[in-house]
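Here is a short tour of one protein model. Have a look at the structure first, then read on.

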Amino acid sequence: MTPTAPTPLELMDRFAQAAAGYYRHFAAVAAERGLTLMQGKMLSLLRRPMPMRSLADLLACDASNVTGIVDRLEARGLVRREVDPADRRIKNVVLTAAGEEAVRGIRAELMSSLTGLEGMSEEERASFQHLLGRAFPLG
């Protein structure tokens, strides 16, 4: 007997369960480093210098919240603010060396528990990325 394909609603529910599990684990890993979930997420998003407004958009929160998060991360030496060379009115947030190390540690810990991803073949990972892109297009 061939299993029936899940409905879009069933897929949405399964994705929500997976996302909730991922963020519970992410929050626990961040907490081990003395970070909140939002602080850990912000650090993970900073692959390049980013304006505070862009961070607020990515984190789906108010710019004033981002200011507070950046203040706390800056006080710990994990990020710094820099004036954007193209527009001096814009402040970019940049990872420091300590911030980069924190991100590496968080990612390593997350990957150690996501053994399902490691167990996928290259073809399966490419297919998974393609399907995620179709379900949740970027930009």
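H2 and H4 sit roughly perpendicular to each other (a label for angles of 65 to 115 degrees), because they pack at an angle of about 80°. Their axes, lines fitted to C-alpha atoms over the stretch in contact, are 10 Å apart. On the H2 side, the contact (heavy atoms within 4.5 Å) is made by Met 38, Gln 39, Met 42 and Leu 43, and H4 brings Val 66, Ile 69, Val 70, Arg 72 and Leu 73.

This is a predicted model, where local features need pLDDT of at least 70, side-chain atom pairs count only at pLDDT 80 or more, and totals for chains, interfaces and linings use all residues. Residues are numbered from 1 along each chain as its sequence is written, and side-chain values use heavy atoms, with hydrogens and water left out.

Now zoom in on Gln 39, which lies in helix H2. Leaving aside neighbours within four places in sequence, Gln 39 touches Gly 34, Ile 69, Arg 72 and Leu 73.

How covered up are some of these residues? In the table, buried means under 20% relative accessible area, exposed means over 50%, and partly exposed is in between (1.4 Å probe, protein chains only).

| Residue | Relative accessible area | Label |
|---|---|---|
| Gln 39 | 6% | buried |
| Met 111 | 33% | partly exposed |
| Ala 60 | 72% | exposed |

Ala 60 lies in the loop between helix H3 (52-59) and helix H4 (63-75). Its phi is near 55°, a positive value in a residue other than glycine. Most residues other than glycine have a negative phi.

As for Met 111, look for it in helix H5 (residues 97-113).

Note on methods: Helices (H or I, at least four residues) and strands (E, at least two) are DSSP runs, numbered from the N terminus. Axes are lines fitted to C-alpha atoms, for helices over the stretch in contact, and angles run from 0 to 180 degrees between N-to-C directions. Angles under 35 degrees count as roughly parallel, over 145 as roughly antiparallel, 65 to 115 as roughly perpendicular and the rest as oblique.
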